[in-house]
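Visitor: I would like to take a close look at a single part of this protein, and then see how the rest is put together around it. Could you take me through it slowly?

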Amino acid sequence: MHGPPEVPNDFWDHPAIVAACTDRDMGALISAYRHHPRHLSRVTQDRMAAWLGISQAQLSRYESGENQIDRLDRLRHFALVLGVPGERLWFDRVVIPAQVGSPDTGPPDVLAAPWEATSIARSVEETARSDLAISRRAALTGAAAVTVGSALVEPLQRWLHPLQNLSKWSSHSAISEEELFALQRVADGLRGWGGRGGYGLARKAVLGQLDELAERLGRAPSGPTTERAFFIGAELSKVAASMSFDAGLHNAAQRYYVLAVRMAKAGHNDGFAALCLAAMARQMFDLGRPEDGLELVQLGQYGTRRTGTPTLKALLLTREAWAYASMGKTREFHQAVGMAQDSFAQRDADNEPRYLHSFDEAELEGVIGARCRDLAMHDPSQAVFAEQHIRRALALRDPSKVRNRAFDVIGLARTKMVAGDPEAACGLINEVLPTAAKLSSGRVLRKLEDFAKEAARHRHIPAVQDTRDAIRAIRTA
């Protein structure tokens, strides 16, 4: 009930499984696994979907071939869950180790750790050191093995309760104002890397600083500077999560989002904790789990119902609308968008916290436009609203926000595709491809891949096929 059973080695020699691997078809492999005659009881689509962390409807589309599984993180995740031996993998010739992410050899379970400051600091230190020691290949292997459902949401409900009193925490020296200033200056410098995408040295620098800060927090007594240092740690954790998310390392991203929530709680900053919950919700939307994302958003909304600023409330409402768009709930979507716009209109930018300054009018319009486009996949009449909002975002967007502008243009192109204008859509993509090629952003590439899939039904049009080939060239460069 809780996961695939152990199977003998010759299980993988069944002709249907061999054929699926030969055809490089993960959907067919999953279907062959479910129908294997060696199972003692029937493996239903509902059960398999629960094992894989997706919906039954998604699984059905994968098995029927309606949706192809071609994202590397998903292929690796599904192979890891099912225990497919390395010699059967066509996308990665390295055997997926079953112990990746296990308590004995992988990062600690950040969801199970106690909600008190000493445990939070220790959990951050252990996680950062573990990830610094793991090779990139090992990290990518478990990239999509995320926690979902009640196993994710229920532990996070603890953030609504006060932390244990820290008055007798440590007798070591307190963090000084000079230390705090230096930490904040380093964090500010590293935060600028979070939007550039990529892996490598930038992410290692963030994790290294996070490790050092957690070690210092483990020896500091309670006090205002310690609380502020925890908040700086929360900012660094969120940067690490964003970098991991961009690189497709969903498991690592989830760990650091959880740690950011916990450190923000220790830093007495519920607003930032809610912002991190909103980021976790966005990850769930990206993974096709809108119900989980909605629960995370609502958890953030409840925790800040009395203290949230107008900008924070507007941001959380756009994430709520995101969930409704993914589910095709038009009425609920527009209701949430209207409330977000009303809340944003009440904001006083000078009195909003620094971490919300990036959620300006351009970002509000861009998010609403992109979500209208999502809704248009269920209700094509929404495409006109998507184009209006995205064009407004592009007019307002700071030219220095190169990656955000790329998202806007790709979103506008996908809107044109939904509206039945593939030539115009390809024209927009061709405009943004040079920028995308220079950006080391996994998320931008994944959005381009989404466009290529949506354009497949028009591949008989020369301009569409040329654009799909250009996207493929960037992916393989």
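Visitor: Let us begin with one residue: does Asn 269 count as buried or exposed, and why?

Guide: This is a predicted model, and what follows should be read with that in mind. Asn 269 counts as buried, because its relative accessibility is 16% and the cut-off for a buried residue is under 20%. Asn 269 has its place in the loop between α12, which covers residues 250-266, and α13. From that loop, a polar atom of the side chain of Asn 269 lies 3.0 Å from the backbone nitrogen of Phe 272. If we leave aside the neighbours within four places in sequence, Asn 269 is in contact with Phe 231, Ala 264 and Tyr 355.

The helix that comes after this loop, α13, leads us to the interior of the protein. The largest nonpolar core has 86 residues, and the residues with the most contacts inside it are Leu 156, Met 280 and Leu 296. Of this core, α13 gives the largest share, with 12 residues. Take Leu 296 as an example: not counting residues up to four places away in sequence, Leu 296 touches Leu 152, Val 153, Leu 156, Leu 277, Met 280, Ala 281 and Met 284. In soluble globular proteins, nonpolar side chains tend to be buried together.

Helix α13 also appears among the elements that cover another helix, α21. With 14 residues, from 442 to 455, α21 reaches 20 Å from its first C-alpha to its last, which is close to the 20 Å expected at 1.5 Å a residue. This helix is mostly covered, since 10 of its 14 residues are buried, and among them are Val 444, Leu 448 and Phe 451 as well as Arg 443, Arg 446 and Glu 454. The cover over the buried residues of α21 includes α13, together with α11, α17, α19, α20 and α22.

Two of those covering helices, α11 and α19, are also joined by a pair of charged side chains. Asp 246 forms a salt bridge with Arg 403, and their closest N and O atoms are 2.7 Å apart. This pair links distant parts of the chain, as Asp 246 is in helix α11 and Arg 403 is in helix α19, 157 residues apart. Asp 246 counts as buried because its relative accessibility is 1%, and Arg 403 is buried as well, with a relative accessible area of 15%. Elsewhere, salt bridges that share partners join Arg 371, Arg 373, Asp 374, Arg 414 and Glu 454 into one network.

The structure holds 24 salt bridges, and a further two are worth placing beside that pair. The side chains of Arg 34 and Glu 63 meet at 2.7 Å, N to O; Arg 34 lies in helix α2 and Glu 63 in helix α4, so the pair ties together parts that are 29 residues apart in sequence. Both Arg 34 and Glu 63 are buried. Glu 125 and Arg 129, by contrast, both lie in helix α6, four residues apart, about one turn of the helix, and the closest N and O atoms of their salt bridge are 2.9 Å apart. Glu 125 is buried, with a relative accessible area of 18%, whereas Arg 129 is partly exposed, at 39%.

Stepping back to the whole, the protein has 22 helices and zero strands, and buried residues make up 54% of its 477 residues. Among contacts between residues at least 6 apart in sequence, 69% join residues at least 24 apart.

Key: Residues are numbered from 1 along each chain as its sequence is written. This is a predicted model: local features need pLDDT of at least 70, side-chain atom pairs count only at pLDDT 80 or more; totals for chains, interfaces and linings use all residues. Side-chain values use heavy atoms; hydrogens and water are left out. Helices (H or I, at least four residues) and strands (E, at least two) are DSSP runs, numbered from the N terminus. The expected span of a helix is 1.5 Å times one less than its number of residues. Buried means under 20% relative accessible area, exposed over 50%, partly exposed in between (1.4 Å probe, protein chains only). Contact means heavy atoms within 4.5 Å. A polar contact is a pair of N or O atoms within 3.5 Å; within protein, one must be able to donate a hydrogen and the other to accept it, and residues adjacent in sequence count only if both atoms are side-chain atoms. A nonpolar core is a set of buried Ala, Val, Leu, Ile, Met, Phe, Trp, Tyr and Cys residues joined through side-chain atoms within 4.5 Å. A salt bridge is a side-chain nitrogen of Lys or Arg within 4 Å of a carboxyl oxygen of Asp or Glu.
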